[in-house]
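This report covers a few local features of one protein chain. The sequence and the model are shown first.

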Amino acid sequence: MPRIASDTVIARIAVFTDVHANLPALDAALSEIDRLAADAIYHTGDAIGIGPFPAECISRLLLRDATNLLMGNHDAWFAFGLPDRSVPVMSEDEREHQAWVHDQLAPSLKSVVGSWPYASSLRIEGVRLDFLHYPLSEAGHFRSPQELTPENAPPLFQLPTSTLVFFGHDHRPWNIVGGSTRFVCPGSLGCSPEPVARFALVDIAAGGEYTLSFRSVAYDPEPVFRALDERRVPARDFIRRTFLPVGTGPLIA
């Protein structure tokens with residue numbers, strides 16, 4: 001779709017997902033979003049977990065105006081508790097990591113995070129935008145991101161009247177068209193193989209025209225690696241190898 005002239009834009013929405021307690025990436029993205037003068041921000045879940053800055057990231061997000069925060073699985077584990085040990089969905093290493101994350105956060109934040117919705121919808125000029133972390137199973141758990149394919153997005157999300165569906169959970173970028181709906185994941189902001197913070201920008205004009213663009217801004221990952229050591233974050237060796245920029249920061253023996 002051709003880019004809309006800037007003087008006809010009536011709403012600019014920034015969307016990012018899966019901050020995962022990566023404060024340098026979050027600060028870089030927010031600075032760029034402010035420069036781009038977004039009217040509203042949506043974060044589609046997982047503000048915490050994995051990174052070393054859970055309290056700082058939640059504080060940043062809560063203090064901002066026009067920022068809409070949605071529930072992710074890591075957020076729900078803090079607000080409502082970890083899965084029962086009888087259900088083998090979480091290793092003991094991950095359970096130890098989650099316990100550390102929760103210890104960094106004030107208990108009063110549980111009710112705050114617990115009030116975050118699992119989904120949100122917005123309609124502007126006939127353009128319907130839906131935001132969620134990921135579809136839930138019949139048991140009320142987030143489905144595995146491995147379930148998503150370009151072919152099964154419409155039946156998986158079950159939002160047939162939506163124009164744009166923004167989601168997270170799967171850290172890879174997605175831009176899938178199914179029927180009249182576009183399914184978009186900008187890619188995890190905080191967990192990326194490159195030291196860039198990723199987000200999406202939607203410009204909506206009168207009459208329902210919209211432009212979607214994928215953005216990224218570089219950040220310095222070294223403070224993340226230092227804090228993983230200094231704060232003795234459980235599972236930090238695995239976190240470095242799996243969730244953060246390749247080739248940066250020494251591995252712990």
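Along strand β7 (residues 174-178), which side chains point to one face and are buried, and which point to the other? The model is predicted, and in it the side chains of β7 alternate. W174, I176 and G178 point to one face and are buried. N175 and V177 point to the other face and are not buried.

The partner of β7 is strand β8 (residues 181-185), and the two pair in the antiparallel sense over 5 bridges. V177, one of the residues of β7 that are not buried, stands opposite R182 in β8. The hairpin of β7 and β8 has 2 residues between the strands. In this hairpin G179 takes a positive phi near 65°.

Positive phi values also occur in residues other than glycine, and two such cases are listed below. Most residues other than glycine have a negative phi.

| Residue | Phi | Loop | Relative accessible area |
|---|---|---|---|
| A21 | near 60° | between β1 (9-16) and α1 (23-35) | 0%, buried |
| Q158 | near 55° | between α6 (153-157) and β6 (164-166) | 61%, exposed |

Why does A21 count as buried? A21 has a relative accessible area of 0%, and buried means under 20%. Q158 has a relative accessible area of 61%, and it counts as exposed because the cut-off for exposed is over 50%.

Helix α1, which follows the loop that holds A21, contains A25. A25 counts as buried, at 0% relative accessibility. Where the chain returns to A25, the C-alpha atom of V196 is separated from that of A25 by 7.0 Å, although the two residues are 171 apart along the chain. Leaving aside its neighbours within four places in sequence, A25 is in contact with L189, G190, A197 and Y219.

The last feature is a helix pair. Two packed helices are described by the angle between their axes and the distance between the axes. For helix α3 (residues 73-80) and helix α4 (residues 92-103), the axes come within 10 Å and cross at roughly 70°. That angle makes α3 roughly perpendicular to α4, because angles of 65 to 115 degrees count as roughly perpendicular. The crossing in which α3 passes α4 is right-handed.

On the α3 side of the contact are H74, W77 and F78, which meet E94, Q98 and H102 in α4. These residues divide into 2 nonpolar, 3 polar and 1 charged.

How values were computed: Residues numbered from 1 in each chain as written. Predicted model: local features only at pLDDT ≥ 70, side-chain atom pairs only at ≥ 80, totals over all residues. Heavy atoms only, no water. Axes fitted to C-alpha atoms, helices over the stretch in contact; angles between N-to-C directions. Helix = DSSP H or I, 4+ residues; strand = E, 2+ residues; numbered from the N terminus. Parallel < 35°, antiparallel > 145°, perpendicular 65-115°, else oblique. Left-handed = near helix turned anticlockwise from the far one by under 90°. Contact = heavy atoms within 4.5 Å. Nonpolar A, V, L, I, M, F, W, Y, C, P; charged D, E, K, R; others polar. Buried < 20%, exposed > 50% of the residue type's maximum accessible area, 1.4 Å probe, protein only. Pairing = 2+ DSSP bridges.
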